[in-house]
Amino acid sequence: MQKTGSTPAKGFVVQARRLPKAAAEKRVQDFGEIIVKPTAANVEVQAGRCTSCGVPFCQDACPLQNNIPDWLNLAAEDELRDAWRASSETSTMPEICGRICPQDRLCEGACTLNVSGWEAVTIGSVEAFIADTAFDNGWVEPIRPLHERGQSVAIVGAGPAGMAAADRLRSAGYQVTVYDRHDRPGGLLIYGIPGFKLEKRIVQRRVDRLIEGGVQFVTGCDVGKDVTLEELRERHDAVLLAMGVYNARALSVPGAGPGDTLPALDYLIQQNRRDLGDAEGEGWTNASGRRVVVVGGGDTAMDCVRTAIRQGAESVVCLYRRDKANMPGSAREVQNAEEEGVVFEWLGAPKALLSRDGAVSAVRAARMALTEPEFGKRREIIPVPGGDFDLQADLVIEALGFEPETFADHHPDLGLTEWGTIVTTQSVNTSGFATSLPGVFAAGDAVRGASLVVWAVRDGQDAAAEIDRYLRTRTEEQAA
């Protein structure tokens, strides 16, 4: 029904937002993506809801500054090949970002329809559909540099920042070698994010395109142990550090000893390896029949609780010290978890682990309350006197976030912040990715700290552009 006094814009006031998901009782039976692939006709309808507003707030809210209104309008007109060209101009991974970006906090959250009381355009779903259609129809062009530049770049880390940089640098004609500690490229896209959000074939076809374009991957190579940063500097004309941050914050409460809890990433990696067909490893954890408590409130916590549900846990509880409105993760992911049977204990902070017969049996938590709001300040949390409670648990998963590893081990002159992330010219409020070491650059979480995949893609692309300028300048100086 049309709102009184409103003017239709390509039908958006008569077409409801539709983002079909598999029913919760069905989707928890496997690790397939939960969003039902739309038909071309449905995409045209949903893309056609875009109002083509004069100021594209969706684009402003996108870290990649994607030309969202342009490719929405093209998709609405069934010009999907042109929509693909527009989509891929600013992003090396639109099919991935379309699936896993927290659109509710970014483009869709800023959508004019959303702000004005209508539900937002399904931007992420349309973006993924456009890219999938491009791959299915052979529209994704191979990487074929116009000129080989004769210089090489080493990239440390095969995650989203490293892959994005590799794409842009190889396209510019550089020889690119990506070093990664894991046995497969992809980083957290392969091993950290569950299949129900991002099926692994989607990542693999992007990796395959890089390999077919001439990018070399050296897997099972832990830089700092198997090869040093100094050795990479000697082998290559430039180095990009894009290894992310994987040092899990540990739960520090009485009763928590070695083996009593499981880090979130370890848990997710094990299930992702199962999905990839790897043989069951010694000591791998399965939540089947167990009472699971996940401590934390970000998207990684949501990945863990939803994984435990699919593994057949007896019960799954997410314990978070703030309320629902202050969850750091995506509201969409919280909703998905609730639909799938996860119980949330808001305003609860772990206080101790309880054991029986040498094994964890419960989490004792303190009931918390938020202080009164103050302008410009985040509300504090304080314990409620006498509010302690116990959650029965025989599997406790820590999803408390990540910190940088000891990057100082890579080189004594590599500048670091007080938080352990790598100092670049960007991280001191100017545009740039150069580190304190000549010819060495850094991008993604290694600089920002734990952040979103879309920011890693943006940083990887921008860092590649800066490395290109640096190497071209060096070539000109040597020729002078």
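Biologist: Let's start with S52. Is S52 buried, partly exposed or exposed?

Modeller: This is a predicted model, and in it S52 is partly exposed, because its relative accessible area is 38%, which lies between the 20% and 50% cut-offs. Look for S52 in the loop between α2 (40-47) and α3 (57-61). S52 also has a positive phi of about 50°, although it is not a glycine.

Biologist: Where is L347, and what is its phi?

Modeller: L347 sits in the loop between β9 (343-345) and β10 (348-356). Its phi is near 55°, again a positive value in a residue other than glycine. With 21% relative accessibility, L347 counts as partly exposed.

Biologist: Now a glycine. Where do I find G159, and is it buried or exposed?

Modeller: Go to the loop between β1 (152-156) and α10 (160-171). G159 is buried there, as its relative accessible area is 7%. Beyond its neighbours within four places in sequence, G159 is in contact with G186 and G187. The chain also brings G159 and V453 to 9.0 Å from each other, C-alpha to C-alpha, though 294 residues separate them in sequence.

Biologist: On to sheets. How do strands pair in general?

Modeller: Strands of a sheet pair through backbone hydrogen bonds, in either a parallel or an antiparallel way. Here, one open sheet has five strands in the order β6-β14-β7-β8-β9, with parallel pairing. At its edges stand β6 (262-263) and β9, each with a single partner strand, so one side of each has no neighbour in the sheet.

Biologist: Which residues could I use to follow the pairing of β7 and β14?

Modeller: Try V293, which stands opposite V396 in β14. Strand β7 (residues 291-295) and strand β14 (residues 395-398) pair in the parallel sense over four bridges.

Biologist: And which strand pairs with β11 in the antiparallel sense?

Modeller: That is β13, which pairs with β11 (residues 359-370) over four bridges. A365 stands opposite F389 in β13. The side chains of β13 (residues 389-392) alternate: F389 and L391 point to one face and are buried, while D390 and Q392 point to the other and are not.

Biologist: How does one look for empty space in a model?

Modeller: Rolling a probe the size of a water molecule over the atoms shows where empty space is left. In this structure, the second largest pocket holds about 870 Å³ of space. Its lining has 36 residues, and those closest to the pocket centre are L19, K21, I35, S125 and R332.

Biologist: Which helix gives the largest share of that lining, and what classes of residue are there?

Modeller: The largest share comes from α9, with six residues. Helices that each supply at least two lining residues include α9 (123-136), α12 (200-212) and α16 (331-339). By class, the lining of the second largest pocket has 17 charged, ten nonpolar and nine polar residues.

Biologist: Last topic: how many disulfides are there?

Modeller: The count is zero. Take C107: the closest cysteine sulfur, in C62, is 6.4 Å from its own, too far for a bond, because a disulfide needs the two sulfur atoms within 2.5 Å. For C304, the closest cysteine sulfur is in C318 at 9.4 Å, also too far for a bond.

Biologist: Are C107 and C304 buried or exposed?

Modeller: C107 counts as buried at 8% relative accessibility, and C304 counts as buried at 0%.

Methods
Residues are numbered from 1 along each chain as its sequence is written. This is a predicted model: local features need pLDDT of at least 70, side-chain atom pairs count only at pLDDT 80 or more; totals for chains, interfaces and linings use all residues. Side-chain values use heavy atoms; hydrogens and water are left out. Buried means under 20% relative accessible area, exposed over 50%, partly exposed in between (1.4 Å probe, protein chains only). Two strands pair if DSSP finds at least two bridges between them. On a 1 Å grid over the protein atoms alone, a cavity is a set of points where a 1.4 Å probe fits but cannot get out, and a pocket is an open set with protein on both sides within 12 Å along at least five of seven lines; lining residues have an atom within 4 Å of a point. Grid points are joined across faces, edges and corners, and a volume is the space filled by probe spheres set on the points. Ala, Val, Leu, Ile, Met, Phe, Trp, Tyr, Cys and Pro count as nonpolar, Asp, Glu, Lys and Arg as charged, and the others, Gly among them, as polar. Contact means heavy atoms within 4.5 Å.
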